[in-house]
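User: Please give a close look at the salt bridges of this model, with the cut-offs behind each term. I should also like to know how the participating residues are placed.

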Amino acid sequence: MADTADTRTPAEIEADIKRRREVLAETLDEIGVRVHPKTIVGDAKAKVASHVDHTLGRAYVQVNRMVSDVRAQFVDEEGAPRLERVVPVALVAVGVVGLLALGARRRRR
């Protein structure tokens, strides 16, 4: 059987108790900070902001990919416009704008 007698002096025991109290006080302070409502709200805001940043980053990548795909339809490899695709789209756009302008003009009368 092992000897369970404590061979520490009363001063050593008091020093150990003092050290443990300080560690417990630090731990309680840390717990108090963690469960404080402002800390909880701040952590929640940070988590939401991180999620929004991630979502916006993914959306940016998607939009950038779509713009590149559309651009590839209207520009060739050398950067020159593909007139066989640009001219019909431009005519349709002018026609739509003209119809909208005519419709707005008729409503004013």
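Analyst: The following account treats the salt bridges first and then turns to other parts of the surface.

This is a predicted model, in which local features need pLDDT of at least 70 and side-chain atom pairs count only at pLDDT 80 or more, while totals for chains, interfaces and linings use all residues. Residues are numbered from 1 along each chain as its sequence is written, and side-chain values use heavy atoms, with hydrogens and water left out.

The structure holds four salt bridges, a salt bridge being a side-chain nitrogen of Lys or Arg within 4 Å of a carboxyl oxygen of Asp or Glu. Asp16 takes part in one of them with Arg8, where the closest N and O atoms are 2.3 Å apart. Asp16 also meets Arg19 in a salt bridge, at 2.2 Å from N to O. The side chains of Asp16 and Arg19 are likewise listed as a polar contact at 2.2 Å; this term denotes a pair of N or O atoms within 3.5 Å, where within protein one must be able to donate a hydrogen and the other to accept it, and residues adjacent in sequence count only if both atoms are side-chain atoms.

Asp16 is located in helix H1, which spans residues 10-34; helices (H or I, at least four residues) are DSSP runs, numbered from the N terminus. Because Arg19 and Asp16 are three residues apart in helix H1, about one helical turn separates them.

As to accessibility, buried means under 20% relative accessible area, exposed over 50%, and partly exposed in between (1.4 Å probe, protein chains only). Asp16 is buried, at 17%. Arg8 is partly exposed at 36%, and Arg19 is partly exposed at 47%. Through salt bridges that share partners, Arg8, Asp16 and Arg19 are joined into one network.

Another salt bridge links Arg82 and Glu77, with an N to O distance of 3.9 Å. Here Glu77 is exposed, with a relative accessible area of 74%.

Helix H1 also contains Ile31, which is partly exposed at 44%. Together with Leu28, Val35 and Ile40, Ile31 makes a nonpolar surface patch of about 390 Å². Patches are made of residues with over 30% relative accessible area and no salt bridge, with like charges joined within 9 Å and nonpolar side chains (Val, Leu, Ile, Met, Phe, Trp, Tyr) within 5 Å. Accessible areas come from the Shrake-Rupley method with a 1.4 Å probe; for residues, only the protein chains shown count as cover.

Terms used:
Helices (H or I, at least four residues) and strands (E, at least two) are DSSP runs, numbered from the N terminus.
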